[in-house]
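I opened this notebook to record what I looked up in one structure. The entries follow the order of my queries.

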Amino acid sequence: MKKDLTTGPVKDSIVGLVIPIVSSSLLLFAYNFADILWVGQLGSDAIAAVGTMAIFLSFCWAIISVFLFGSNIIVSQSIGKQNNKQAQELAQQAFIGVIGLTAIIQILIFWQHENIISFFQLNNPVVEKMAKAYLIWSGVEMIFSFMIQQMTSVSNARGDAKTPLKINLIGVGLNIILDPIFMFGFDLGVEGAAIATFISRFIAFVLFWRRSGIEFYGCKCVWIFNLKDYINVLKIGFPPSIQRVMFTLVGIFMARIVAHWGSEAIAAQKIGLQIESMTFMLVNGLSGAMLSFTGQNFGAQKFERIQKGYISTLQFGSIFGVVMGAVFFLFPEFFVKWFLSDPKAVNIAVSYLQIIGISQFLMCIEMITTGVVNGLGKTEIPAAINVVFTVIRVPMAYLFAYTLDFGINGVWLSIAISTFLRAIAITIAYVLIKKKIFISEKKSLQTVSF
């Protein structure tokens, strides 16, 4: 199913995208919430193992995202131009790219998993053993996870966020059921969590493909590699992908810094990130909706409609960010104690939420504005801004944690400050490029009409 986002009330178009996207995100949050609750029953070491490998798996996703972002933006613009055939051909090339790149990553995981784990300097044989089991099974599973994400990107670009929601409902529901069975029924611990994810993602992919494969990619029995289309997808997707890669790399180095305070600190950061994802999930949905909305309307050359959509989304996102920031700052223990009982880990996680809570409002502004700019096809701008102001987290963390002797709180402070700087920079960038892009396109239209 394809939905035209270039006509009708602006708010209705955005809400029609946001609700399914956010609902899918909340489903994933519900799964992660349940998953970490089950893993938490195994102790802080288990949380540290899963949390550390989750950082590496996020790095893998960041690499693959070159095809996810690329297909979302370029397919949405093709749909806006009413060129469905081109949209299908571009989606094909992105799908081929996902399969090929994932295969390379899987080989590296199976070949170098020991070195990957040792890089994080966990310094705990028990944690390292659990991390190894979880990583290997996650390596097997990732092909289905990444293909689902690519199909979700294409579906969102076509204005249909309801189909991914239905697929996620089935996959997440199955995962929640299977987690305790494999973890405790079969006594497989964290390895059981990864196996449960593998089974649920495989089934979800099969269902998604049967439902939308032909619609998204065309009815050709044999797909032909098209270098021109492939390069177009890479050209658009490369900047935001590099941004994600750098963000994850910084996360890895930050995790190594956090490890200095022990497994309790690692577990606390994992839990803090999990709780913070309540904000991230919804605003990521707003950002994704704005990307697809902007892409289609930019393709249709409806520039005022883009601005109206941006303002409406920004107003809602800003209010939500203020509310969530206040909740994290005032009631952190309420959330933390759902997951942790160790007093040291609880205290560290509470400090994390209170410091990060201050930046929630700005994170919302940053992500929504990034979605609009990416939808315009100017992916290099948010990428450059985010890379610069994310990389500085590492030296700031050392400065605050060690030089200024703020301890672990110095690490959290560096994250909050970098978020503030990113939000300011991307907002200024959008204001500067908006008139330039819109005026340029309008002049082009007038020239053609003349």
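**Entry 1. Burial and cysteines.** I fixed the cut-off before reading any value: a residue is buried when its relative accessible area is under 20%, exposed when it is over 50%, and partly exposed in between. The model is a predicted one. I looked up cysteine 364 and found a relative accessibility of 0%, so this residue counts as buried. Cysteine 60 is buried as well, with a relative accessible area of 2%. I then searched for disulfides, and the structure holds zero.

**Entry 2. Salt bridges.** How many salt bridges does a search of the whole structure find? The search returns seven. I went through several of them in turn.

Arginine 201 and glutamate 141 meet through their side chains in a salt bridge, with an N to O distance of 3.1 Å. This pair links distant parts of the chain: arginine 201 sits in helix α6 (residues 189-217) and glutamate 141 in helix α4 (residues 125-157), 60 residues apart. I noted glutamate 141 as buried, at 8% relative accessible area.

I next examined glutamate 366 and arginine 422, whose side chains form a salt bridge at 3.0 Å, N to O. Glutamate 366 belongs to helix α12 (residues 360-375) and arginine 422 to helix α15 (residues 408-449), so the pair ties together parts that lie 56 residues apart in sequence. Are these two residues buried or exposed? Both glutamate 366 and arginine 422 are buried. I also recorded that Arg158, Arg211 and Glu215 are joined into one network by salt bridges that share partners.

For the salt bridge of lysine 337 with glutamate 333, I read 3.6 Å between the closest N and O atoms. Lysine 337 has a relative accessible area of 52% and is therefore exposed. Glutamate 333, at 41%, counts as partly exposed.

**Entry 3. Helix α5.** I compared the length of helix α5 (residues 162-185) with expectation. Its 24 residues, at 1.5 Å a residue, should span 34 Å, and the end C-alpha atoms are 34 Å apart, which agrees. I located a kink of about 30 degrees at leucine 178 in α5, shortly before proline 180. The buried residues of α5 include Pro164, Gly171, Leu178 and Phe182.

Just after α5, I came to aspartate 187, which has a positive phi of about 55 degrees although it is not a glycine. Most residues other than glycine have a negative phi. Aspartate 187 is placed in the loop between α5 and α6, and its relative accessible area of 67% makes it exposed.

**Entry 4. Helix α8.** I counted burial along α8 (residues 263-299). In this helix 30 of the 37 residues are buried, so α8 is largely enclosed by the rest of the structure. A bend of about 40 degrees occurs in α8 at serine 277. Glutamine 301 follows α8 and has a positive phi, near 60 degrees.

Within α8 I looked up lysine 270. This lysine is buried, with a relative accessible area of 18%. Which residues does lysine 270 contact, leaving aside its neighbours within four places in sequence? They are Ile36, Ile47, Gly51 and Ala54. I also read the separation of lysine 270 from isoleucine 170: 100 residues in sequence and 26 Å in space, C-alpha to C-alpha.

**Entry 5. Core and threonine 369.** I queried the largest nonpolar core and obtained 133 residues, with Phe56, Leu340, Val411 and Trp412 having the most contacts inside it. Helix α2 (residues 44-80) gives the most to this core, namely 20 residues. Leaving aside neighbours within four places in sequence, the contacts of tryptophan 412 include Val258, Gln269, Tyr352 and Ile356.

Threonine 369 lies in helix α12 and is buried at 0% relative accessibility. Its contacts, with neighbours within four places in sequence left aside, are Tyr310, Leu314, Ile426, Thr427 and Tyr430.

**Entry 6. Aspartate 405.** My last query concerned aspartate 405, a residue other than glycine with a positive phi near 60 degrees. Aspartate 405 lies in the loop between α14 (393-403) and α15. I recorded aspartate 405 as exposed, at 65% relative accessibility.

Terms used:
Residues are numbered from 1 along each chain as its sequence is written. This is a predicted model: local features need pLDDT of at least 70, side-chain atom pairs count only at pLDDT 80 or more; totals for chains, interfaces and linings use all residues. Side-chain values use heavy atoms; hydrogens and water are left out. A salt bridge is a side-chain nitrogen of Lys or Arg within 4 Å of a carboxyl oxygen of Asp or Glu. Helices (H or I, at least four residues) and strands (E, at least two) are DSSP runs, numbered from the N terminus. Buried means under 20% relative accessible area, exposed over 50%, partly exposed in between (1.4 Å probe, protein chains only). A disulfide is a pair of cysteine sulfur atoms within 2.5 Å. The expected span of a helix is 1.5 Å times one less than its number of residues. The bend at a residue is the angle between axes fitted to the seven residues ending there and the seven starting there. A nonpolar core is a set of buried Ala, Val, Leu, Ile, Met, Phe, Trp, Tyr and Cys residues joined through side-chain atoms within 4.5 Å. Contact means heavy atoms within 4.5 Å.
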